[in-house]
Each structure stands twice: as C-alpha cells, then as structure tokens.
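Work through these exercises with the model open beside you. Try each task before you read its solution.

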Amino acid sequence: TNFITRMYNANPFEGIKIIEDYNNNYLISVIKLDKSKYSSTSTMNRVALVKAQSQVNTFLNGSTTNMNYVVTTTEKRSANAKEVTTETVESIKQQSSGFVNGIELLTNFDSVQEENEMIFIYIKMIENNTN
C-alpha cells in the first residue's frame, strides 16, 4: 500500500497499471472522484467501486468502440450577405461486457495535487510468479 501510494503521489495517473513483486503480479485501478459531487461517503465509495470494476473489465475482457461524426451545414441568405454555419457533432460509445471478481479496495486518500478530490486504489492479483 505504501509503495503504490508513494508511486502515485510521485507521478499521478488514472486507470490501470500492472505492478510486479517477487511472487505475484497485481493489476491496480486508480479512480479519482470529486468529493463535492457526492452526498455521502457510502455513495462515493460505491461509485468508485463500480468505476474500478468497469476499468478492470475493459482491460481484461476488451471493449467495442463506435464513433459517429455528423457535420451539419446551414445557409442563410440576406439581401447583402450569405452566412454559412457549420456544426460538428462527434459521438463516441464504448461498450464492454463481462464479470470481474476479486477486486479489492487497497487504499483511498485525499489528493495532494487537487483540493476536494479523493483517490481510490483497487487491486487484483492476476498472476502468481512462483512456478
């Protein structure tokens, strides 16, 4: 826990990392949440868990990504001028399915970098190196 916390504070990141020690490989999931958006600690803890499970599931099981790009052009004419307005809308959807078990909260702490932000670090052992 101390090693991973120091590693995070030295070089903050969000998402998935693989950590190795002498005997095991661990997958860690780092979640950052704005404390002011949650009415209770239990709600914030639940949101962090669900986001971590989603990150780990996407990492382990993959996902499909769809992107739509829509360009709309409108033209207005007046007696003296012509005005053309172009609007671009981009929509990206990512979908993943699967089940992740064995993910545990390793630690959570207040962010040193950002005020009012809570960092959650979840861990899952993914491989035993003692063969």
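Two terms come first. Buried means under 20% relative accessible area, exposed means over 50%, and partly exposed lies in between, with a 1.4 Å probe and protein chains only. Strands (E, at least two residues) and helices (H or I, at least four) are DSSP runs, numbered from the N terminus.

This is a predicted model: local features need pLDDT of at least 70, side-chain atom pairs count only at pLDDT 80 or more, and totals for chains, interfaces and linings use all residues. Residues are numbered from 1 along each chain as its sequence is written, and side-chain values use heavy atoms, with hydrogens and water left out.

**Exercise 1. Describe strand E2 and its partners.**

Step 1. Check the cover. E2 spans residues 24–34, and nine of its eleven residues are buried.

Step 2. Apply the pairing rule. Two strands pair if DSSP finds at least two bridges between them.

Step 3. Look for partners. E1 (residues 15–20) runs antiparallel to E2, with six bridges joining them. E2 is also joined to E6 by eleven bridges, again antiparallel.

Step 4. Inspect Asn25. Glu20 stands opposite Asn25 in E2. Asn25 also stands opposite Glu127 in E6.

Step 5. Inspect the turn. Three residues lie between E1 and E2, which form a hairpin.

**Exercise 2. Describe the pairing of E3 and E4.**

Step 1. Count bridges. E3 (residues 64–77) and E4 (residues 82–95) are antiparallel and share 14 bridges.

Step 2. Pick a position. Thr72 faces Glu87 in E4, standing opposite it.

Step 3. Inspect the link. E3 and E4 make a hairpin, with four residues between them.

**Exercise 3. Classify the ring pair of Tyr8 and Phe109.**

Step 1. Recall the description. A pair of aromatic rings is described by the distance of the centres and the angle of the planes.

Step 2. Take the cut-offs. Rings of Phe, Tyr and Trp (its six-membered ring) pair if their centres lie within 6.5 Å; planes under 30 degrees apart are stacked, over 60 edge-to-face, and the rest tilted.

Step 3. Count. The structure holds two aromatic pairs.

Step 4. Classify. The centres of the Tyr8 and Phe109 rings are 5.9 Å apart and the planes stand at 65°, so this pair is edge-to-face.

Step 5. Place the pair. Tyr8 is in helix H1 (residues 2–10) and Phe109 is in strand E5 (residues 104–110), so the pair ties together parts 101 residues apart in sequence.

Step 6. Widen the view. Tyr8 and Phe109 are both buried. With Phe13 they form one aromatic cluster.

Step 7. Check for a charge over a ring (NZ of Lys or CZ of Arg within 6 Å of the ring centre and within 35 degrees of the ring normal). Lys17 has its charged end over the ring of Phe13, 4.7 Å from the centre.

**Exercise 4. Find the salt bridge and say what it ties together.**

Step 1. Apply the rule. A salt bridge is a side-chain nitrogen of Lys or Arg within 4 Å of a carboxyl oxygen of Asp or Glu. The count comes to one salt bridge.

Step 2. Name the partners. Lys35 bridges to Asp110, with the closest N and O atoms 2.8 Å apart.

Step 3. Locate them. Lys35 is in the loop between E2 and H2 and Asp110 is in strand E5, so the pair ties together parts 75 residues apart in sequence.

Step 4. Check exposure. Lys35 is partly exposed, at 27% relative accessible area. Asp110 is partly exposed too, at 46%.
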